[in-house]
Amino acid sequence: MGKTIIVTGGAGFIGANFVYLELREHPEDRIVCVDKLTYAGNLETLAEALQNPQFRFVKADICDREAMFALFREEQPDMVVNFAAESHVDRSIEDPGIFLQTNIIGTQVLMDASREVGVERYHQVSTDEVYGDLPLDRPDLFFTEETPLKTSSPYSSSKAGADLLVNAYHRTYGLPTTISRCSNNYGPYQFPEKLIPLMIANALEDKPLPVYGEGKNVRDWLYVEDHCKAIDLILRQGKVGEVYNIGGHNEMHNIDIVRLICQALGKSEDLIVHVTDRKGHDMRYAIDPAKMQRELGWQPETLFRDGIQKTIQWYLTHQDWWQRILSGDYQRYYEEMYAKRIAEGTK
Ligand code: NAD
Ligand code: DAU
């Protein structure tokens, strides 16, 4: 018999890609998407899913205890996958409060509701940022599931807080939990405040490409569909109580990504401007995904050179999707965030 899966944050980047993967790969299951539709949530992204009778959308805040308990009682979910979060590091540095609220309290509310109805799995979507960063001159070091949590930003601290709470609910109440910690994702539907879509959108409009500091920071990039497939495997075959690291060994310096985007779009690298660095900027992230490969047989399927071309092509053919975002609230945020940085130059 099909399962009912509550997917939170499904109107955002990774959540939406996950919703589409589930509807495609498990047509017998029902997906109930809960999303508050913050600035980062876009119902337009789910337009196709909304046509599917196996899909239900509920606009609600995961911190709203009453609404979550009512929904869980009504739907009696078999599984819960929590993507809902405030996800942008720069915003967390400007205003940490909402990050603690959504990312920690929201997780608590979802787990309390999960306990009440007795789900078979609560899955927490976490991040490699909970491990802090690695030095640039130690390419031999990687994050394993045993690496201690050591966070840098209010965002990563809120995600680490949630992870600790998930482990506590497993140990104290026996909630059947799993946690995944993934590296940087890229692909369709990513909000154009994050590095790759921001650079594509700006380059297409011949706007400056703001690289923080020297651009030497390293991120470990994974195509979003590979992340979603890994979560699907963990959900169905992963061991309760476990943490799984997800990544594809694809480390790149920020500046090289920006240069690559310029080249792919036939734009001059003169558009690149080095701006004030992010406060507390993590140097390098690098995931060791050996456990996912060994225990669940997962491997990333998309090579970066193919994934980035697909992604650039997607942003080229979906200009109305990101143009609408850029013309709204996001525009005001963008101006506040960058006007000062560009004026200051590199520091
Ligand atoms: P996103 O910002 O694109 O989407 C977040 C979604 O959550 C939005 O649809 C938003 O409306 C919704 N949301 C926010 N607050 C909510 C609330 N209180 N109640 C209900 N819905 C709410 O984020 P993303 O990049 O898709 O990330 C999804 C998850 O994956 C996050 O938990 C993030 O920490 C994690 N993650 C992201 C990456 C990455 O590279 N983007 C990598 C690893 C892990
Ligand atoms: O590692 C996983 C994390 O990846 C997720 O948990 C986060 O939700 C997600 O936002 C992402 O965090 P990052 O901070 O790594 O991603 P972001 O796209 O904001 O930045 C990537 C790198 O690019 C980082 O070193 C900062 C830099 N950067 C970013 C922006 C937006 C720039 O140089 N210029 C920019 O304008």
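# Ligand shells, a pocket and single residues

Biologist: At what distance from an oxygen atom of ligand 2 does a polar side-chain atom of T127 lie?

Modeller: The model discussed here is predicted. T127 is listed with D128, Y155, R278 and H281 as the residues that come nearest among the 25 around ligand 2. Between a polar side-chain atom of T127 and an oxygen atom of ligand 2, the distance is 2.7 Å.

Biologist: What percentage of the area that ligand 2 exposes when taken alone is buried by the protein?

Modeller: Two further side chains offer polar atoms to ligand 2: D128 places one 2.6 Å from an oxygen atom of the ligand, and an N or O atom in the side chain of K194 is 3.3 Å from an oxygen atom of ligand 2. Taken alone, ligand 2 exposes 690 Å², and the share of this that the protein buries is 95%.

Biologist: Which helix and which strand each supply at least two residues of the shell around ligand 2?

Modeller: By class, the shell around ligand 2 holds eleven nonpolar, eight polar and six charged residues. The elements that each supply at least two residues of this shell are the helix spanning 195-204 and the strand spanning 209-212, namely α6 and β8.

Biologist: Why can α6 be described as largely enclosed by the rest of the structure?

Modeller: The buried residues of α6 are I196, P197, L198, M199, I200, A201, N202 and A203, where buried means a relative accessible area under 20%. The helix is therefore largely enclosed by the rest of the structure, since the number of its ten residues that are buried is eight.

Biologist: Which residue with a positive phi follows α6?

Modeller: The helix concerned is the one that spans 195-204 and contributes to the shell around ligand 2. After α6 comes a residue whose phi is positive, near 55°, and that residue is D206.

Biologist: Turning to ligand 1, how much of its accessible area does the protein cover?

Modeller: Of the 29 residues around ligand 1, those that come nearest are I14, D35, S87, Y155 and K159. Backbone atoms also take part in short approaches, for an N or O atom of the F13 backbone lies 3.1 Å from an oxygen atom of ligand 1, a polar backbone atom of I62 is 3.0 Å from a nitrogen atom of the ligand, and a backbone N or O atom of N185 lies 2.8 Å from an oxygen atom of ligand 1. On its own ligand 1 has 840 Å² of accessible area, and the part covered by the protein is 97%.

Biologist: Which element gives the largest share of the shell around ligand 1?

Modeller: The shell around ligand 1 comprises 13 nonpolar, eleven polar and five charged residues. At least two of its residues come from each of α1 (13-25), β5 (121-127), α5 (154-173) and β7 (184-186). The largest share amounts to three residues, and the element that provides it is β5.

Biologist: How much space lies in the second largest pocket?

Modeller: The lining of the second largest pocket is formed by Y20, L23, E44, T45, A47, E48, A49, N52 and Y189. By class, these lining residues divide into five nonpolar, two polar and two charged. The space in this pocket is about 180 Å³.

Biologist: Is E44, one of the residues that line that pocket, buried, partly exposed or exposed?

Modeller: E44 is placed in the loop between β2 (30-35) and β3 (55-59). Its C-alpha lies 22 Å from that of N202, a residue 158 positions away in sequence. The relative accessible area of E44 is 36%, so the class to which this residue belongs is partly exposed.

Biologist: With which residue does the side chain of R181 form a polar contact of 2.8 Å?

Modeller: R181 lies in strand β6, which covers residues 177-182. The relative accessible area of R181 is 4%, so this residue counts as buried. The side chain that meets R181 in a polar contact of 2.8 Å is that of D163.

Biologist: What is the approximate phi of H249?

Modeller: H249 sits in the loop between β10 (243-246) and β11 (251-253), and a relative accessibility of 44% makes it partly exposed. H249 is a residue other than glycine with a positive phi, and the value is near 50°.

How values were computed: Residues are numbered from 1 along each chain as its sequence is written. Chains are lettered from A and ligands numbered from 1 in the order in which they are written. This is a predicted model: local features need pLDDT of at least 70, side-chain atom pairs count only at pLDDT 80 or more; totals for chains, interfaces and linings use all residues. Side-chain values use heavy atoms; hydrogens and water are left out. A residue is near a molecule or strand if one of its heavy atoms lies within 4 Å of it. A polar contact is a pair of N or O atoms within 3.5 Å; within protein, one must be able to donate a hydrogen and the other to accept it, and residues adjacent in sequence count only if both atoms are side-chain atoms. Accessible areas come from the Shrake-Rupley method with a 1.4 Å probe; for residues, only the protein chains shown count as cover. Helices (H or I, at least four residues) and strands (E, at least two) are DSSP runs, numbered from the N terminus. Ala, Val, Leu, Ile, Met, Phe, Trp, Tyr, Cys and Pro count as nonpolar, Asp, Glu, Lys and Arg as charged, and the others, Gly among them, as polar. On a 1 Å grid over the protein atoms alone, a cavity is a set of points where a 1.4 Å probe fits but cannot get out, and a pocket is an open set with protein on both sides within 12 Å along at least five of seven lines; lining residues have an atom within 4 Å of a point. Grid points are joined across faces, edges and corners, and a volume is the space filled by probe spheres set on the points. Buried means under 20% relative accessible area, exposed over 50%, partly exposed in between (1.4 Å probe, protein chains only).
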